Amino acid sequence: MSDSANLLLPEGFLFGFATAAYQIEGSPSASNRTPSIWDTFTHPDPASGVKHTADGLSGDVATDSFNRWKEDIALLKSYGANSYRFSVSWTRIIDFTGAKKGEDAGGLDPPNEVGIKFYREFVEELVRNGITPAITLYHWDLPQALEDRYGGWRDKRVVDDFVHFAKTCFDAFGDLVKHWITLNEPWCIAVLGYGYGVFAPGRSSDRTKSPEGNSSTEPWIVAHNLILSHAHAVKYFRENIKPVHGGEIAVTLDSLWCIPYDDKPETAQVAQRGMDVRLGWFADPIYKGHYPASLKAMLGERLPDFSAEEIAVVKGSSDFFGLNTYTSNLVQEGGTEEFNGKIKTTFTRPDGTQLGTQAQVPWLQAYAPGFRSTYNKPIYVTENGFAPKGDVTLPREEAVHDTDRVEYYRGYTNAILEAIHQDGVPVKSYFAWSLLDNFEWAEGYTVRFGVTYVDYETQKRYPKDSAWFLKKWYEDHRRVPE
């Protein structure tokens with residue numbers, strides 16, 4: 001690893017932290033909010049004995065950020081953040097009570113002015129504190145009303161509803177918000193929600209998990225509709241918002257980096273196939289205008305086609321490359337799972353050594369060099385974080401001294417500087433995941449990713465060493481305007 005002590009970040013670099021609405025807000029009915037699929041998923045029928053999260057808990061309270069948002073902004077400021085990536089709750093922005101459906105929105109549900117007011121005040125407070133807002137429109141909380149009406153992401157009608165939601169956000173906040181992300185990690189939405197059934201809405205061919213669902217078809221349909229929804233929202237933004245307010249917009253994709261297990265040429269092809277499914281499934285249509293050939297070969301007619309009119313909207317529909325990056329895998333031939341390209345993954349090198357430090361969750365090890373490969377676009381690192389193994393069982397006095405997380409961030413922030421200065425990669429942002437310990441989806445509260453320790457009984461926040469490490473890193477490497 002080279003010495004990056006004197007390397008500077010580019011001018012205008014966004015440094016901060018990231019969260020998602022359902023993971024932190026709580027207050028599920030406040031400001032006229034109606035249920036999302038995650039509200040439903042985390043509250044199964046008690047008589048069924050089913051538990052959809054590791055601890056059986058939900059985001060009903062989470063970190064109570066709906067009520068404590070000023071405290072969260074104060075934390076951001078104390079950590080030296082100049083930007084904050086957060087998502088808005090679709091069911092706080094749009095009124096799904098049904099009382100006014102169709103009056104002024106062409107058959108679409110009307111805006112929820114109370115919810116919009118809440119987010120408007122939040123955005124204004126960020127700006128007053130010198131913190132640039134970056135909004136994610138969709139971070140997995142599909143309105144339950146749309147799931148009930150026509151199957152949500154499984155039906156192409158969702159495209160119109162998503163664009164209506166996006167338009168409402170653009171119109172409400174576009175004068176202040178210049179950085180937009182349409183979708184967060186569509187691979188997770190499609191595969192975990194409709195393939196494995198471990199995320200909302202919990203659909204799968206596995207009847208021990210779900211009474212409904214088809215893992216061989218639904219994820220590919222859902223993904224197709226997600227791509228179209230993203231593209232049409234971007235089209236509206238570029239035609240109606242950007243000419244007036246400026247700004248930029250993109251999708252954020254997640255990917256583990258597939259590293260060939262050995263030096264054989266065929267193993268390099270296996271690694272590419274893994275990247276095609278994990279990343280190219282979404283990135284290739286958006287940036288290149290077509291699905292990867294290996295994906296078409298694997299799926300045949302199960303992979304939906306874009307019409308000529310659709311692909312004209314999809315291709316080029318991201319101003320930058322939004323990247324959530326956490327880990328890398330060594331890969332080789334031998335897998336059977338379509339959702340990762342039928343590759344076999346491991347963290348163990350041929351010599352028996354480990355790629356990096358093991359996290360609390362089995363899919364994550366710290367390995368920073370894998371960061372330095374991606375598509376040829378300006379890159380916004382929109383999530384990057386670590387949950388140290390055993391961290392959740394430590395008393396707060398020990399947990400705040402998060403050495404493994406600090407070392408993880410040391411590796412990845414150094415990789416960013418090297419990517420910028422050695423590889424010439426235009427990295428424009430770094431958002432650490434996450435500002436707070438929070439509700440971690442299917443893991444519930446059994447995993448802590450935050451740079452701030454949250455006592456869930458009192459909701460008191462305690463900064464961890466990693467927060468101060470990142471603050472110093474940015475201070476040491478930011479480019480001061482002359």
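Okay, let me start with a question: which helices each supply at least two residues of the lining of the second largest cavity? Hold that thought for a moment. What we have on screen is a predicted model, so please keep that in mind throughout.

Here's the answer: α2, residues 37-41, and α8, residues 186-194. Of the two, α8 deserves the extra mention, since the largest share of that lining, three residues, comes from α8. If you want to find the spot yourselves, look for I37 and W38, then Y138, W140 and W153, which are among the lining residues. Further along the chain, the lining also includes C188, I189 and Y194, as well as F199, A200 and P201. The space in there is about 60 Å³. And the make-up is easy to remember: 11 nonpolar residues, no polar ones and no charged ones.

Now, W153 comes up again. In the largest nonpolar core, which has 147 residues, W153 and Y430 touch the most other members. The helix that gives the most to this core is α9, residues 218-245, with 12 residues.

Okay, back to the empty spaces. Rolling a probe the size of a water molecule over the atoms shows where empty space is left. How many cavities of 30 Å³ or more are there? The count is four. The largest has about 120 Å³ of space. Its lining is made of 15 residues, and I24, E25, S65, Y84 and F122 lie nearest the centre. Four elements give two or more residues to that lining: α1 (21-24), α3 (69-78), β2 (83-87) and α5 (113-128). Here the lining is a mix, with 10 nonpolar, three polar and two charged residues.

Let's stay with α3, because there's a nice bit of reasoning in its buried residues. Those are W69, D72, I73, L75 and L76. Why do they sit on the same side of α3? Because the arc they cover around the axis is only 155 degrees. As a reminder, an α-helix has 3.6 residues a turn, so residues three or four places apart point the same way.

And what covers the buried residues of α3? The list includes β2 and α5, plus three more strands: β1 (14-18), β12 (452-455) and β13 (460-463). You'll recognise β2 and α5 from the lining of the largest cavity.

One last stop, just after α3: there G80 takes a positive phi of about 75 degrees. That's my tour, thanks everyone.

Methods:
Residues are numbered from 1 along each chain as its sequence is written. This is a predicted model: local features need pLDDT of at least 70, side-chain atom pairs count only at pLDDT 80 or more; totals for chains, interfaces and linings use all residues. Side-chain values use heavy atoms; hydrogens and water are left out. On a 1 Å grid over the protein atoms alone, a cavity is a set of points where a 1.4 Å probe fits but cannot get out, and a pocket is an open set with protein on both sides within 12 Å along at least five of seven lines; lining residues have an atom within 4 Å of a point. Grid points are joined across faces, edges and corners, and a volume is the space filled by probe spheres set on the points. Ala, Val, Leu, Ile, Met, Phe, Trp, Tyr, Cys and Pro count as nonpolar, Asp, Glu, Lys and Arg as charged, and the others, Gly among them, as polar. A nonpolar core is a set of buried Ala, Val, Leu, Ile, Met, Phe, Trp, Tyr and Cys residues joined through side-chain atoms within 4.5 Å. Buried means under 20% relative accessible area, exposed over 50%, partly exposed in between (1.4 Å probe, protein chains only). The arc is that of the directions from the helix axis to the C-beta atoms. Contact means heavy atoms within 4.5 Å.
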